[in-house]
Amino acid sequence: MDSILVTGGTPLNGKIAIAGAKNAALALMPAALLSEEPLTLTNAPRLSDIATMTALLRSLGVEVTSMQDGKVQVLSSHAMTSTTADYEIVRKMRASNLVLGPLLARHHQAVVSLPGGCAIGARPMDIHVTALEAMGAEIELKDGYLHARAQGGLKGARVPLRFASVGATENVLMAATLAKGTTVIENAAREPEIVDLAECLRRMGAHIEGEGTNTITIEGVDRLGAATHPVVTDRIELGTYMLAPVFAGGEVECLGGRLDLVGSFVEKLDVAGVDVSETEHGLKVKRRTDRAQAVDVTTEVFPGFPTDLQAQMMAMLCTANGTSVLEEKIFENRFMHAPELIRMGANIEVHGGVATVRGVDRLKGAPVMATDLRASVSLILAGLAAEGETTVSRIYHLDRGYEHIEEKLRGVGARIERVSA
Ligand code: UD1
């Protein structure tokens, strides 16, 4: 199995091009199920999660054509053969559940495997299910699969979400475009990926207002047509690479970066002693002093601090001056990177959803293990600043969300390579 070898201590200088957002693309691709006509996505990221979504859509009969080395994806759902999302694919990726809303809307039925181990009514699909039931769907759980039907089609409804779930908002948004009448999503998620999805659906002919606020109103239409849509910049990849010069020193410009995508993150960086400036093509980042300052971070729904940048931020704070407290409020058990960082010499104590990080002078390279996508990248960042060599194993997680990570970091001077076992 491949691993990544990072040798720390080299300052980073140059430009890194930020890709299209994984999480936006994973919602945009299922949107193609809503129309008989093709949906063309440009600026698509080249990632294994995209390959998994492609496999899932192909298993439903969607034609997916990849062009320009995967940067352009053309999806055509004119000859669908199935409305069942099989466990073998869904178990690999939770975002597979985003086919549920579109299938129900256009085909009035769907059978979608639960991502694994979770009962209906509890995590992780209860918000999706309750919302689609409010629109007239009948949904039951049988043999690990959600069996959903909407006889005569979905109906517009008032849909209050008990929590502003990103995936549930996306599923309902897509479903409501073809429902009869008006749907109002209350307590909707406001993430940029939702705004991107709404813009794409509008290009396909949907009537949507209010995306980016907590109330989204959708007027159902009879059919949606063809569209071409550029995937929004990946704000998590952006935030990750913005941190690279904070770890290693130097100055890095993230091409395609936008302040509105990373507002709360940039506020915390400012407190930590990091300068972020807008350039013609993106955002430039440089730390003001040799050592960052400690800062407290609580993860929240957008526009709050993103949970998907918490691991990277924690790794950075391991060598900051002072004590930082990180509170994880979106996911339970999302501190799996802490024990690995401790192996590199960090001083971290975790109690439930709160981690206390006491800054040490330096981290030391060590063999560490990636436990999930964002944890993996936090260990690579830590390796950039650590003394000596860090080997990160189980890096298949990384390939789910970071395209060409070694090339991008090598391009700004990092000493990093992929090693095949
Ligand atoms: C999306 C992102 C993921 C990010 C997360 C939070 C994609 C493909 N993934 O995931 O990278 O970390 O938003 O910003 O866009 N929940 C329930 N019941 C539900 C749905 C969710 O209890 O029916 C809980 C989840 O267990 C979790 C929290 O709500 O604790 C947030 O989940 P949600 O916003 O739905 O995240 P995802 O859409 O899965």
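**Around the ligand**

Biologist: Which helices each supply at least two residues of the shell around the ligand?

Modeller: This is a predicted model, so to speak only for what it shows: local features need pLDDT of at least 70, side-chain atom pairs need 80 or more, and totals for chains, interfaces and linings use all residues. Residues count from 1 along each chain as its sequence is written, and side-chain values use heavy atoms, with hydrogens and water left out. Helices here are DSSP runs of H or I, at least four residues long, numbered from the N terminus. Those with at least two shell residues each are helix 5 (126-134) and helix 6 (166-177).

Biologist: How many residues does helix 5 bring to that shell?

Modeller: A residue joins the shell if one of its heavy atoms lies within 4 Å of the ligand, and 19 do. Helix 5 has the largest share, with 3 residues.

Biologist: Where does the ligand lie relative to domain 1 and domain 2?

Modeller: Domain bounds come from an automatic or database assignment. Domain 1 (3-19 + 233-419) and domain 2 (22-230) both give shell residues, so the ligand lies between them.

Biologist: How much of the ligand's accessible area does the protein cover?

Modeller: Start with polar contacts, pairs of N or O atoms within 3.5 Å. Ligand oxygens sit 2.6 Å from a side-chain N or O of Ser165, 2.6 Å from one of Asp308 and 3.0 Å from one of Arg162. By Shrake-Rupley with a 1.4 Å probe, of the 740 Å² that the ligand has on its own, the protein covers 87%.

How values were computed:
Polar contact = N/O pair within 3.5 Å; in protein donor to acceptor, adjacent residues only side chain to side chain.
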